[in-house]
Amino acid sequence: MIALPLFLLAGGALWLFWRSDIRAGVMIAALVCGYALATSPLAGAINGMGHGIGTAISNANDNSAASK
C-alpha cells in the first residue's frame, strides 16, 4: 500500500518542479508518479475507465448504427 502515498508525494514534487521550471525533476517525478499509479490498487479501475472511454469513442465513430 505504499503506492498511493508515493503517488501523492510524486504528484506534489511534480507540481513543485513544474513551478520551479526544473525540467529534469518534472520528468523524474512524472515517471515515479506513473509507476506508483501503475502498481497501485487503483490500476484496475484506471484501466477499466480507459477501456470504457475507448469503447464509447469506437461506438460513436461507428456509422453502421446510425444508418439503421
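**Note on a predicted three-helix model**

1. Ala-36 is a residue of helix α2. The model is a predicted one, and this position is a convenient place to start reading it. Ala-36 has a relative accessibility of 0%, so it counts as buried. Its C-alpha lies 10.0 Å from that of Leu-9, and the two residues are 27 apart in sequence.

2. Overall content. The protein has three helices and zero strands. Read from the N terminus, the order of elements is α-α-α. There are 68 residues in the protein, and buried residues account for 12% of them. Ala-36, at 0% relative accessibility, is one of the buried residues. The accessible surface amounts to about 5,300 Å², and carbon and sulfur atoms hold 70% of that area.

3. Packing of α1 and α2. Two packed helices are described by the angle between their axes and the distance between the axes. Here helix α1 covers residues 3-20, and it packs with α2 at an angle of about 160 degrees, the axes being 8 Å apart. The pair is therefore roughly antiparallel, as angles over 145 degrees are counted that way. The crossing of α1 past α2 is left-handed.

4. Residue pairs. Which pairs can be used to check the relative placement of residues distant in sequence? Ala-10 and Tyr-35 are separated by 25 residues in sequence, with 9.9 Å between their C-alpha atoms. For Leu-14 and Leu-31 the separation is 17 residues in sequence and 9.7 Å in space, again C-alpha to C-alpha. The pair of Ala-36 and Leu-9 can be read alongside these, at 27 residues and 10.0 Å.

5. Accessibility along α1. Ala-10 belongs to helix α1. Its relative accessibility is 6%, and because the cut-off for buried is under 20%, Ala-10 counts as buried. Leu-14 is also found in helix α1. With 26% relative accessibility, Leu-14 is classed as partly exposed, since that class lies between the 20% and 50% limits.

6. The loop between α1 and α2. Asp-21 is located in this loop. Its phi is near 60 degrees, which is a positive value in a residue other than glycine. A colleague checking backbone torsions may wish to look at this residue. Is Asp-21 buried or exposed? The relative accessible area of Asp-21 is 57%, so the residue is exposed.

7. Nonpolar patch. Ile-2, Leu-6, Ile-28, Val-32 and Tyr-35 together make a nonpolar surface patch of about 500 Å². Which element gives the most to this patch? Helix α2, residues 23-38, does so, with three residues. Tyr-35, one of the patch residues, is also the partner of Ala-10 in the pair at 9.9 Å.

8. Val-32 within the patch. Val-32 sits in helix α2 and is one of the residues making the nonpolar patch. Its relative accessibility is 31%, so Val-32 counts as partly exposed. Patch residues need over 30% relative accessible area, so Val-32 at 31% meets that cut-off. Ala-36, also in helix α2, is by contrast buried at 0%.

How values were computed. Residues numbered from 1 in each chain as written. Predicted model: local features only at pLDDT ≥ 70, side-chain atom pairs only at ≥ 80, totals over all residues. Heavy atoms only, no water. Patch = residues over 30% accessible without salt bridge, like charges linked within 9 Å, V, L, I, M, F, W, Y side chains within 5 Å. Areas by Shrake-Rupley, 256 points an atom, 1.4 Å probe, with all protein chains shown as cover. Salt bridge = Lys/Arg side-chain N within 4 Å of Asp/Glu carboxyl O. Helix = DSSP H or I, 4+ residues; strand = E, 2+ residues; numbered from the N terminus. Buried < 20%, exposed > 50% of the residue type's maximum accessible area, 1.4 Å probe, protein only. Axes fitted to C-alpha atoms, helices over the stretch in contact; angles between N-to-C directions. Parallel < 35°, antiparallel > 145°, perpendicular 65-115°, else oblique. Left-handed = near helix turned anticlockwise from the far one by under 90°.
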